[in-house]
Amino acid sequence: MDLKIVNYGAGNIKSIQFAFQRLGYNAVLSNNPDEIITADKVIFPGVGEASSAMQMLKESGLDSLIPKLKQPVLGICLGMQLMCNYTEEGDTKGLGIFNTNVKRFSKSVKVPHMGWNTIKNIKSDLFKNISEGDYMYLVHSYYAANCDESIATSDYEIEYASALENDNFFGVQFHPEKSGKTGAQLLKNFLDL
Amino acid sequence: MLTKRIVPCLDIKDGRTVKGVNFVDLRDAGDPVVLAKQYAELGADELVFLDIAATLENRKTMHDMVLKVAEQVNIPFTVGGGISSVEDVDDLLHCGADKVSINSSAVKRPELINELSKKFGSQCVVVAIDAKQIEGEWFVHLAGGTIPTDIKLFDWAKEIEDRGAGEILFTSMNHDGTKGGFANEALATLSELVNIPIIASGGAGTIQHFADTFKLGKADAALAASVFHFEEISIIELKEELRKQNIEVRL
């Protein structure tokens, strides 16, 4: 399988590469549009600050490429947030793939939301062999507001979208590469799509 | 609901775990990668690796270890010890560490916290504080708790948060090694004072100590070393008891 991880300089992608390696797949880093467009599956990672990550995407011309992809694409953490319409972080316009906005948790809870939390209201083949109430590892200060495209939700301050799906595009707020066996199952499901 | 985290801590020297690791089932308990995998299997939520002999010479050994842990372990981990610059952190994150923990270097140059959180995001910046209560007042100590300062714990914690840290790892020197329980009063004050997660460290001896630090100390995570390394407390049994006491844990 031709599996590409979009490498635009945002965050720690070694862990994602290793997670696929543990499943027996070689995920290759690439910032080359010609390579990404022909891949079987694409991972869109991201850790860090939204406006500077979007700036890096623009500089490599990947901001216009990603919404046009036809193969299954999985955004992880900030990657998922950048696929939304808009994020309050750095007042940043997103790629508009998911029809929802990203907001900051209020000061009524500890921020970042850090640790293992349950996922609920799961639907989609992405969660095959994963159960309602299973745990995923999350680290984030901003969340995607719940919407029609939610395929999983989590509770922290409010109920928010912890996974999204629109056509061939998938996004997860949690880190499947760090979420033990449940996370590995999700990555396997993505490869099986 | 967000769960409370159980965090085993491994002391590392020259790429090997040091002192006090006695796992009956392991062929090589000195190999941090083997041990880390075992802990992930046993239900640990996160791991901390502390390079206790951090020197320039063994930096590459530490990088190799971090790379191997990232390759084989599927839960998050933090690396601490001898980190004093943006470059140090860049190297460790590139090897696959999820978070780094800084301590003395942050006290000596607090701007480091701002630099790290700006460049890598708050989520990967843990600031560790070693503090000792002297005549009722908590003071920050350096170099593994051996060097006293006149910095007050709660002032420093607030400053750490303001400068952009994502988490505080608080060790009470009065409780560390005693197995008499965590410093819950100070922990609860910290947890009220700052709006970032607090990891409790120092004093774990019994299962009830963990329950107390989550309930009374309002800690978000609890770190321990020897009670886990010597199998005095099994993580699964610990979590089952915590759940019985209505504390959210991942089982």
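**Exercise 1.** Work out how much area chain A and chain B bury between them in this predicted model, and which three residues of chain A supply the most of its share.

*Solution.* Begin with the total: chain A and chain B bury about 2600 Å² between them, and 53% of that area lies on carbon and sulfur atoms. Then turn to the side of chain A, where Lys110(A), Met114(A) and Trp116(A) supply 29% of the area that this chain buries against chain B, more than any other three residues. Finally, count the residues in contact, which are 28 in chain A and 39 in chain B.

**Exercise 2.** Describe the polar side of the interface, and then assign the touching side of chain A to its elements and classes.

*Solution.* Between the two chains there are 18 residue pairs in polar contact, both residues being at pLDDT 80 or more, and the count of salt bridges is three. One salt bridge joins Lys110(A) to Asp220(B), with the closest N and O atoms 2.7 Å apart. The elements of chain A that give two or more residues to this side are helix H1 (14–22), strand E8 (113–118), strand E9 (135–140) and H6, and of these E8(A) gives the most, with six residues. By class, the side has 11 nonpolar, 10 polar and seven charged residues.

**Exercise 3.** Check the length of helix H6 of chain A against its number of residues, and list its buried residues.

*Solution.* Helix H6 (residues 180–192) of chain A has 13 residues, so at 1.5 Å a residue it should span 18 Å, and the 19 Å between its end C-alpha atoms agrees with this. Its buried residues are Gly180(A), Thr182(A), Gly183(A), Leu186(A), Leu187(A), Asn189(A), Phe190(A) and Leu191(A).

How values were computed:
Residues numbered from 1 in each chain as written. Chains lettered and ligands numbered in written order. Predicted model: local features only at pLDDT ≥ 70, side-chain atom pairs only at ≥ 80, totals over all residues. Heavy atoms only, no water. Helix = DSSP H or I, 4+ residues; strand = E, 2+ residues; numbered from the N terminus. Expected span 1.5 Å × (residues − 1). Buried < 20%, exposed > 50% of the residue type's maximum accessible area, 1.4 Å probe, protein only. Contact = heavy atoms within 4.5 Å. Buried area = accessible area lost by both parts, 1.4 Å probe. Salt bridge = Lys/Arg side-chain N within 4 Å of Asp/Glu carboxyl O. Polar contact = N/O pair within 3.5 Å; in protein donor to acceptor, adjacent residues only side chain to side chain. Nonpolar A, V, L, I, M, F, W, Y, C, P; charged D, E, K, R; others polar.
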